[in-house]
Amino acid sequence: VGFALHLQPETWTRLSTIVLDAFGLFAMVTLLKRHAGAMSAWAFGLFYASWPFFAAAAVSGMECNAFVDVLALAALAIEGGSVLAGPAMAAVVFLRPEGVLVVAPLLLLAANRDRLIALGLVVLGAAGLTMVYGSPIPQSVVAKAMVYGHPGPWQGRYWWEWLSPSPL
């Protein structure tokens, strides 16, 4: 879309992420208001909108904010029975490699129609990526595996050690 509008990739990424952040914030606050109460929704909304790290990440060109925003939008779409639930879940899968794992709990809540739409879009997207790039695995994952190696779960624990409160 950015190229069609003749925008530089950096400009398009920043603008689209800021807009997506606004929708994601709306989705998160709406879900919190319904399930945790108005005070939780307002506290989170104020935190998310005012913490400088989120603003910096949004304009950095990284996909972190977009990933969280689309995940929240997918959850809101599932809850509302929207036809956008399937495409939103598929978008989560394609935004980050761990998107497949992150979307799994949403699949349990989604309607069969939305599951099938998400699966169909993921299969089509993976086929397209394979046709163009030779693999559905993002090049960034391949490059990191080549740089850091892939020695197995325990030897490669520095890849996932951040999940633990203490060194493994």
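Me: Which residues of α6 do M89, V92 and V93 in α5 meet?
Reply: This model is predicted: local features need pLDDT of at least 70, side-chain atom pairs count only at pLDDT 80 or more, and totals for chains, interfaces and linings use all residues. Numbering starts from 1 along each chain as its sequence is written, and side-chain values use heavy atoms, without hydrogens and water. Helices are DSSP runs of H or I, at least four residues, numbered from the N terminus. Across from M89, V92 and V93 in α5, the α6 residues are G99, V100, V103, L106 and L107.

Me: At what angle do α5 and α6 pack, and how is that arrangement classed?
Reply: Their axes are 7 Å apart, and the angle is about 155°. Angles over 145 degrees, on a scale from 0 to 180 between N-to-C directions, count as one class. So α5 and α6 are roughly antiparallel.

Me: Which helices each supply at least two residues of the largest nonpolar core?
Reply: This core has 14 residues (buried, under 20% relative accessible area with a 1.4 Å probe, and joined through side-chain atoms within 4.5 Å). A74, I78, M89, V92, V103 and L106 touch the most other members. The helices supplying at least two each are α4, α5 (85-95) and α6 (99-109).

Me: How many residues are in the other core?
Reply: This core lies apart from the largest one. Among its members are A27, M28, F54 and A72. Its residue count is seven.

Me: What angle do α1 and α4 cross at?
Reply: Helix α1 covers residues 9-35, and helix α4 covers 64-80. Their axes come within 8 Å. The crossing makes α1 oblique to α4, and its angle is roughly 45°.

Notes: Angles under 35 degrees count as roughly parallel, over 145 as roughly antiparallel, 65 to 115 as roughly perpendicular and the rest as oblique. Buried means under 20% relative accessible area, exposed over 50%, partly exposed in between (1.4 Å probe, protein chains only). Contact means heavy atoms within 4.5 Å.
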